[in-house]
Amino acid sequence: MALHLNLLHEEILEQRQRQRDPLKIGIYVLAGIGALLLLYYMWNVYRTLETKSRLSTLNNKWARVEPTVTAAQKRVDELNGVIKATRALDDYIDNRFFWGPFLQKVSECVAPNTQLTGLTGAVLDDNKGVEVSIEGVAAGREPRSVAEDLRQMLIEQLKKAYGDVKVEFKSLEDVDQIAMVGGTHLAMARYTLTISLKVGAKPAASPAPGRGKKK
Amino acid sequence: MNSNKLTKDQIQKVVLSAMGVVILLYVYFSFFLSPLTRSRQSALTAIKDRQAKLEGSTEAINKATKLEQTAKTATARFAALKALNPEGAPIAWFPPRIKTFFANQKIDKATARLDNTAGAKQSDLPGWMRYNWLIELPQADYSVVGNAIAELENSEPLLAVTKLNIHMLPEQAQFQKIDLAVENIITEKK
């Protein structure tokens with residue numbers, strides 16, 4: 001085997017040491033990573049710009065549409081308000097208590113031998129019902145039964161149109177006066193009737209009441 | 001000397017390089033990539049919002065068009081109800097109107113005065129007021145009054161009689177004195 005003499009040993013060692021210089025390798029690695037990061041950054045810049053461009057297009061589109069949409073939404077709110085208000089007004093109109101038909105019913109119940117001297121009525125709050133007080137006098141051989149007939153008649157007639165009808169005597173007392181009915185002298189009684197009722201079914205359009213019975 | 005073993009100088013250079021890498025990564029992520037990502041994320045959020053608004057806009061316009069058609073009756077009725085009451089302060093036109101109304105019903109000397117006002121009870125009626133009036137009919141026949149009240153209720157849909165008081169006149173038994181409390185819903189006209 002031939003003998004080799006390495007006369008450049010020191011130079012080769014120096015060259016090897018230069019080649020594996022950690023700082024140099026570090027700079028290479030750093031540059032490599034830097035290049036990769038730069039590429040990644042550029043890719044992100046591109047995506048961001050593309051996204052912003054899309055946003056800008058949408059913004060332009062929205063700016064064109066927005067006045068119409070705002071006007072449409074305002075109109076919808078306005079119309080909803082009108083619909084609700086109309087419904088509320090219709091409810092108010094429909095839920096009113098009509099006194100015309102009531103007065104007619106009362107007048108139909110008053111017989112010739114009774115007389116109403118006063119009628120006071122009020123619609124309770126929130127349409128909970130109606131309370132009426134009727135004052136009058138009845139004449140007859142048995143004036144109390146005449147008044148009772150009037151009460152029964154009122155119950156019968158009012159039940160046809162209203163719910164929860166109650167007609168009760170608040171007072172019923174004989175009076176000393178004598179009434180002349182059809183040429184006959186008759187005893188008299190004074191009564192106060194209280195009527196309470198609830199408006200059930202809506203009465204038909206308020207008709208005119210019949211002839212009054214105030215005698 | 002083992003050629004694979006790092007010298008002190010080389011170790012320092014390796015440490016220096018590692019520090020360089022760390023600083024580079026920190027600067028890159030903190031000052032470059034993060035703001036960019038944030039900016040993109042906010043743009044994406046804005047895009048979603050705009051897209052939702054644009055999709056909703058078509059729906060809103062269609063809804064308005066449909067509602068406009070379906071609400072025609074309500075709109076016309078609402079306008080008609082509003083037109084029932086004339087312009088101006090109710091105290092100026094309501095009493096004369098009532099006086100004329102009862103005069104046409106053959107009941108003279110009708111007077112109406114304002115009792116009080118309040119906002120409409122119904123929450124759906126903003127801008128509408130309740131006016132409570134006291135109407136006095138000093139002398140009238142029961143049947144005439146009945147007719148007149150029925151006519152009033154039918155011709156004034158926004159008016160409701162809340163109290164009624166009919167009393168016989170002691171000196172003229174065929175006539176009665178009538179007091180009415182009525183409530184009228186009136187829109188506030190500006």
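Let's start in a sheet of chain B, where Ile166(B) in strand 3 has Ile178(B) in strand 4 as its bridge partner. Strands here, like helices, are DSSP runs numbered from the N terminus, with at least two residues (E) for a strand and at least four (H or I) for a helix. This is a predicted model, in which local features need pLDDT of at least 70 and side-chain atom pairs count only at pLDDT 80 or more, while totals for chains, interfaces and linings use all residues. Residues are numbered from 1 along each chain as its sequence is written, and chains are lettered from A and ligands numbered from 1 in the order in which they are written.

Back to the sheet. Strands 3 and 4 of chain B run antiparallel and are joined by nine bridges; two strands count as paired if DSSP finds at least two bridges between them. Strand 4 of chain B also pairs with strand 2 of chain B, again antiparallel, through eleven bridges. In that pairing, Ile135(B) sits opposite Leu180(B) of strand 4.

Strand 3 of chain B (residues 159-168) has a partner in the other chain too: five bridges tie it to strand 1 of chain A, and the two run antiparallel. Follow it residue by residue and you find Gly118(A) with His167(B) as its bridge partner, and Thr120(A) with Asn165(B). Strand 1 of chain A is joined within its own chain as well, by nine bridges to the antiparallel strand 2 (residues 130-140) of chain A. There, Val123(A) stands opposite Val130(A).

How many residues of chain A are in contact with chain B? The count is 62 residues of chain A against 61 of chain B, where contact means that the C-beta atoms, placed from the backbone, lie within 7 Å. On the chain A side, helix 2 (22-94), helix 3 (99-109) and strand 1 (114-123) each supply at least two residues. Helix 2 of chain A gives the most, with 39 residues. By type, the chain A side divides into 33 nonpolar, 19 polar and ten charged residues; Ala, Val, Leu, Ile, Met, Phe, Trp, Tyr, Cys and Pro count as nonpolar, Asp, Glu, Lys and Arg as charged, and the others, Gly among them, as polar.

Now over to helix 3 of chain B, residues 90-104. Its 15 residues reach 21 Å from the first C-alpha to the last, close to the 21 Å expected at 1.5 Å a residue, the expected span being 1.5 Å times one less than the number of residues. Phe94(B), Ile98(B) and Phe102(B) are its buried residues to look at; buried means 20 or more other C-beta atoms within 10 Å of a residue's own, exposed means 12 or fewer, and partly exposed is in between, with C-beta atoms placed from the backbone. Why do these three share a side of the helix? They cover an arc of only 50° around the axis, which puts them on the same side of helix 3 of chain B; the arc is that of the directions from the helix axis to the C-beta atoms. As a rule, an α-helix has 3.6 residues a turn, so residues three or four places apart point the same way.

The buried residues of this helix pack against strand 1 (111-119), strand 2 (128-140), helix 4 (142-155) and strand 4 (176-187) of chain B. Turn the helix over, and the face away from the buried side carries the exposed Ala92(B), Pro96(B), Thr100(B), Ala103(B) and Asn104(B).

After helix 3 of chain B comes Lys106(B), in the loop that leads to strand 1 of chain B. Lys106(B) has a positive phi of about 65° although it is not a glycine, and it is exposed, with 11 other C-beta atoms within 10 Å. Lys109(B) is in the loop between helix 3 and strand 1 of chain B. Its phi is positive too, about 60°, and it is not a glycine. With 12 C-beta neighbours inside 10 Å, Lys109(B) counts as exposed.

Finally, the largest nonpolar core has 68 residues, of which Ala138(A) and Val145(B) touch the most other members. Helix 4 of chain B gives the most to this core, with seven residues. A nonpolar core is a set of buried Ala, Val, Leu, Ile, Met, Phe, Trp, Tyr and Cys residues joined through C-beta atoms within 7 Å.

Note on methods:
Two residues are in contact if their C-beta atoms, placed from the backbone, lie within 7 Å.
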